[in-house]
Amino acid sequence: MEIKENISLQSLHSFGCNEKANYFAKIDSIEAIEKCIQWAKEKDIPYFILGAGSNILFTKTFEGLVLKMEIMGIKKIKETASEVFLEVGAGENWHHFVSYCVQKGWGGLENLSLIPGTVGAAPIENIGAYGVEAKDSIASVTAYDTQIAQFIILQNSDCAFGYRTSLFKMDKTRYIISSVQFVLQKQPIFRTEYGAIKEVLHQKNNKQASLDAIANAVIQIRSEKYPHPQKLGNAGSFFKNPTVTKAIFETLIAAYPKIIAYPISDNAYKLAAGWLIEDCGWKGKQKGNVGCYEKQSLVIVHYNNGPGIEIFNFSEEIIQSVLSKFGILLEREVVIY
Ligand SMILES: Cc1cc2nc3c(=O)[nH]c(=O)nc-3n(C[C@H](O)[C@H](O)[C@H](O)COP(=O)(O)OP(=O)(O)OC[C@H]3O[C@@H](n4cnc5c(N)ncnc54)[C@H](O)[C@@H]3O)c2cc1C
């Protein structure tokens, strides 16, 4: 293992802020995880696992060891008449893995095409899009438990998956995911209910849905909706969609009839955070190096080479204006360091 000192993180995360790490190493094996954590513990410094850096905002120097996850490999571990089980290294690129499954004709992940990042980070946020979440196809997760200094396997039901959250997110420094086991369907169920997917399939005259057609539709929609991080720094949706009680929703809809929301249970509604932000006048607004993307107000963009704290402060201003207008406290989806 090679540990480097004073390394810039600028090219290693999608906001591209010029923050640094005191120490940096790449981890490409389970032995490297153990050695690096041991090294950080002996030095008594914090550590941070970095995937592709597409859901993180660094606002200062990381005064510890950043470990870049590079464990690779896709391996078939079991196959039945209806399902295929794969073990995938945490450092594999998520979109490449999804495309691999689509090419093989194995269904489950096609709606999650083109989400930036690594396979190992997918369970952390329980990434989701177009009616599908990673948890729907995760069988189990292998992780190094730094508390007991051992590798463990957590079954899907052990992972406390929820909307953009999981056990791994709640206890951020405890688990280092080394691989994820997926279960994919050989006779896929196509999920095309989402309006935009339906529309693209219709435009392309795809009368019969297929994994390929859905993946291509999702790629088209996402390419139009999100700025490419290599062209314009961003981390996708910066905020989560807030959940409110039915009573709060009814008060809000009476005052703001155009508010966008949908029921998630008998007594709870999910509000579209993008609508709240847009209604406060943020869409397309720029301040210094930072702005609210003109096509999608949930996305904060970084125009120039500014410091991470400027992006954080901009997000704080959005949070305060939504709070004072609607009484709703937005929660950041992006990890802040
Ligand atoms: C343009 C754009 C669009 C996006 N669209 C979506 C979307 O539609 N849906 C969605 O859910 N997300 C979306 N995201 C967010 C992002 O793609 C996901 O959160 C992704 O899973 C992040 O992966 P990463 O490897 O870049 O993680 P990083 O940003 O590197 O890390 C994120 C967090 O996970 C931890 N982590 C990473 N890998 C490991 C590991 N192996 N073990 C332990 N901890 C780890 C890190 O410490 C950090 O806390 C989008 C981002 C961008 C830039």
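Author: Before we start, a nonpolar core is a set of buried Ala, Val, Leu, Ile, Met, Phe, Trp, Tyr and Cys residues joined through side-chain atoms within 4.5 Å. Keep in mind that this is a predicted model.

Reader: Okay, so which residues touch the most other members of the largest nonpolar core?

Author: That core has 58 residues. The ones touching the most other members are I33, L65, L86, W94, F97, L109 and F182.

Reader: And which helix gives the largest share of this core?

Author: The largest share is seven residues. They sit at 211–225, and that stretch is helix 6.

Reader: Where does this core lie relative to the domains?

Author: The domain assignment splits the chain into domain 1 (4–69), domain 2 (74–225) and domain 3 (243–336). Both domain 1 and domain 2 give residues to this core, so the core lies between domain 1 and domain 2.

Reader: How many residues does a second, separate core have?

Author: Look for Y269, L276, L298 and L330, which are among its members. This separate core has 30 residues.

Reader: What distance separates the centres of domain 1 and domain 2?

Author: The two domains are in contact, with 12 residues from domain 1 and 13 residues from domain 2 taking part. Their centres, taken over C-alpha atoms, are separated by 25 Å.

Reader: Now the ligand. Which residues come nearest?

Author: There are 32 residues around the ligand. Strand 3 (47–50), helix 3 (122–125), strand 8 (128–129) and strand 12 (175–185) each supply at least two residues of that shell. The residues that come nearest are I49, S54, P116, T118 and R222.

Reader: What lies 2.6 Å from an oxygen atom of the ligand?

Author: Let's go through the polar atoms. G128 has a polar backbone atom 2.8 Å from a nitrogen atom of the ligand, and R222 has a polar side-chain atom 2.7 Å from a ligand nitrogen. For the oxygen atom at 2.6 Å, the partner is a polar side-chain atom of T118.

Reader: How much of the ligand's accessible area does the protein cover?

Author: On its own, the ligand has 990 Å² of accessible area. The share covered by the protein is 96%.

Reader: Is Y130 buried or exposed?

Author: Y130 is found in the loop between strand 8 and strand 9 (132–133), and it has a positive phi of about 50° although it is not a glycine. Buried means under 20% relative accessible area. Y130 has 6%, so Y130 is buried.

Reader: Which strand holds N6?

Author: N6 isn't a glycine, yet its phi is positive, at about 55°. This residue belongs to the run 4–8, which is strand 1.

Key. Residues are numbered from 1 along each chain as its sequence is written. This is a predicted model: local features need pLDDT of at least 70, side-chain atom pairs count only at pLDDT 80 or more; totals for chains, interfaces and linings use all residues. Side-chain values use heavy atoms; hydrogens and water are left out. Buried means under 20% relative accessible area, exposed over 50%, partly exposed in between (1.4 Å probe, protein chains only). Helices (H or I, at least four residues) and strands (E, at least two) are DSSP runs, numbered from the N terminus. Domain bounds come from an automatic or database domain assignment. A residue is near a molecule or strand if one of its heavy atoms lies within 4 Å of it. A polar contact is a pair of N or O atoms within 3.5 Å; within protein, one must be able to donate a hydrogen and the other to accept it, and residues adjacent in sequence count only if both atoms are side-chain atoms. Accessible areas come from the Shrake-Rupley method with a 1.4 Å probe; for residues, only the protein chains shown count as cover. Contact means heavy atoms within 4.5 Å.
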